[in-house]
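Visitor: I'd like a close look at one part of this protein: the second largest pocket. Could you walk me through its lining, and then show me what is going on around it?

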Amino acid sequence: MTTWPTGMPGLGWGADYNPEQWPEHVWAEDVELMRAAGVNLVSVGIFSWARIEVAKSEYRFDWLDRIMDMLHAGGIRVDLATATASPPPWLTAEYPEMLPVRADGVRLSHGSRQAYCPTSPIYRERATALAAELASHYRDHPALAAWHVGNEYGCHVQRCYCDTCAAAFRDWLAERYTLDEVNDAWSTAFWSQGYTRWEQILPPRVTPTFSNPGQVLDYDRFASDALLELYKAERDVLRMITPDVPVTTNFMVNWTFAALDYWKWAREVDFVSNDHYTQSESPDRHVELALSADLVRGLAGGHPWLLMEHSTSAVNWQPRNIAKLPGEMRRHSFAHIARGADGTLFFQWRQSRGGSERFHSAMVPHAGTETKVFREVSQVGAEYQLAAEVVGSTVDASVAVVYDYDSRWAARQPSHPTADFDYQRTVLDLYRALWELGVTVDFVPPGADLSSYRLVVVPSLYAVRDADAAVVTDYVSGGGHALVTYLSGVADEHARIRLGGYPGAFREMLGVWTEEFFPLRQGETVSLDDESTVSVWTEHLHARGASVVASYLDGPLPGVPAVTRNEHGAGVAWYLACGLTGEGLTRTVEEALRGASVPVSRAGLEIVRRSSAGADGHVSWLFAVNHTDTDAELDASGVELLSGTRVSGRLTVRAGDVVVLREEV
């Protein structure tokens, strides 16, 4: 099976192209402008169901044939969508029972997109039928490079609570549990929730107060699996008809979304692709971008991946949609490439005149081609050709971060010690410290092999299985270094608390014992005796073998340990029992890195290396992105690919600039 869009000439560069939004006389101009901007890959047809299937089993491909032929003539490869992301009005009008239902029982209506229930047999039948027709029609088309199934699964309808989903949920449970095991896993003895028949089990719909935590967590898992099965149904049809054409769907690994277990999803695509949009008002949006890119690379198993969507400038859906500054889109594009992408595409090619996303930026803005945006995309398109030699290379990292969707789902439920805890914010705070110290990381799932890493960071691994906890403990016992944060090891995989004191599964490894959590009041901070500041979280910790690194000076627990370090077996385990912030967190992370012999650098640049080993030996490329308004320097030698300049010993990276250096030893 091919694992990359076929026939790709170098780094992918392009956009989501929606020709059906425009009269045909614009299409020829589009192809010429694409060529001028260096575009070599576009996704087509993502929202075209109503244009392709105008009535049940009545297909019209003539317009799509023409644009596919035009793109091929222009030398542009096509990631062709199955068009199933948004059912047409004729389908939902005839079968309103396929529409999704909210937890409060309200059935959503047609009028936007993704108006379908993931377990609806009607939707699945029509979606797979359309995929089969498209595959049969375009199986031999020379422009076809890949299949794009659906679009941003779960973006708007993350969970459906209809009766069809209720029946599917019971089937899902029956494959994993007996009824007695459900009662045990969900602790249904609490609040008289014991089930005596499968038919009594419902989705976690709106109830008088808090829903059952185990039930909610299992429904999160079920809902992710239900959408995955929907994707796989279309994928399998495509593979049967076009076995040599790779299949993907665009993930949403970013700050806005956490509804799907992408570790499971990544195993089912031929290559990983992702959509990423920065939080435009965040001053460190480029750091969150780097986190997302590293996590996507982890999902891809370290292999090259494709950025299917990002924005040339402003989006349309944030409270205030801030335009990107000159050079920002270029920096964002190369940051994704630095962290393992072999191509970056935008939503979309031409900015829409109407519809809900008419103010979303595009490669060709409303104002046309004599614009900052089009000049910049043309520049980057040309630079991608100059940097094409990095295709297929990989990113090496000596630090791993364990990222867990189950823990993120479980810890976000209500009735926890504090509403201020945020899993993604916790991960981002740690990641920011690593980023500021110049450390590139891999993201790995719970239970992954950790043996190749010098330091493993474990942020709030809340709902952890015994076997996965043992992997971390064995890694440390064998000589590894780990840094574990609060709310790790607290519960098992069913969200049941591990008894005997916190942090549960990691007490022995960390050499500590916590008798009680002391979350802080909203906006409250406390100080540590190393001049660090803590927010959100403290806990009444006792050192039981661990060395105390820092203790509380004030707040509810003066004198109580807050940061510890424990020698366990041949390794070292750090515990952050508090919500360290800012420089205090960075300083502690730096101590853990130095103890694990991980080099650190505060160069003020985003620095990442990609490398490959071939017949000509080992080659490495240094990517340096300067997100500041001040020039920066670093020691380096080689050839800068974007300018062709030879560098000997000292490299200057101008403010706001990007360099890609083929290194020489």
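**The second largest pocket and its surroundings**

Guide: Let's start with the make-up of the walls: the lining of the second largest pocket counts 14 nonpolar, eight polar and seven charged residues. Keep in mind that this is a predicted model. The space inside comes to about 570 Å³. In total 29 residues line this pocket, and if you want to find its middle, look for G438, V439, T440, I607 and R609, the closest ones to the centre.

Which elements give two or more residues to the lining? They are α14, β24 (606-614), β25 (617-625) and β26 (632-635). Of these, β24 gives the most, with five residues.

Now follow α14 away from the pocket, since this helix has a partner worth a look. Helix α14 covers residues 423-436 and packs on helix α17, residues 582-595, with the two axes 9 Å apart and an angle of about 65° between them. An angle from 65 to 115 degrees counts as roughly perpendicular, so α14 falls in that class relative to α17. As for handedness, α14 passes α17 in a right-handed crossing. On the α14 side, D429, L430, A433, L434 and E436 make the contact, and α17 answers with L585, T586, V589 and L593. Sorted by class, that contact has six nonpolar, one polar and two charged residues.

For a second helix pair to set beside this one, go to α6 (residues 163-174) and α8 (residues 213-241). Their axes come within 10 Å and cross at roughly 100°, and α6 and α8 are therefore roughly perpendicular to each other as well. Here α6 brings in C165, A168, F169, W172 and L173, while α8 supplies Q215, D218, Y219, R221, F222 and D225. The class count for this contact is seven nonpolar, one polar and three charged residues.

Finally, a word on the largest pocket, for context. The volume of the largest pocket is about 960 Å³, and 36 residues line it. Nearest its centre you'll find F47, R113, H156, S356 and E357. The lining of the largest pocket splits into twelve nonpolar, 18 polar and six charged residues. Put that next to the pocket you asked about, where the lining has 14 nonpolar, eight polar and seven charged residues.

Notes: Residues are numbered from 1 along each chain as its sequence is written. This is a predicted model: local features need pLDDT of at least 70, side-chain atom pairs count only at pLDDT 80 or more; totals for chains, interfaces and linings use all residues. Side-chain values use heavy atoms; hydrogens and water are left out. Axes are lines fitted to C-alpha atoms, for helices over the stretch in contact, and angles run from 0 to 180 degrees between N-to-C directions. Helices (H or I, at least four residues) and strands (E, at least two) are DSSP runs, numbered from the N terminus. Angles under 35 degrees count as roughly parallel, over 145 as roughly antiparallel, 65 to 115 as roughly perpendicular and the rest as oblique. Contact means heavy atoms within 4.5 Å. Ala, Val, Leu, Ile, Met, Phe, Trp, Tyr, Cys and Pro count as nonpolar, Asp, Glu, Lys and Arg as charged, and the others, Gly among them, as polar. A crossing is left-handed if the near helix is turned anticlockwise from the far one by less than a right angle, and right-handed if clockwise. On a 1 Å grid over the protein atoms alone, a cavity is a set of points where a 1.4 Å probe fits but cannot get out, and a pocket is an open set with protein on both sides within 12 Å along at least five of seven lines; lining residues have an atom within 4 Å of a point. Grid points are joined across faces, edges and corners, and a volume is the space filled by probe spheres set on the points.
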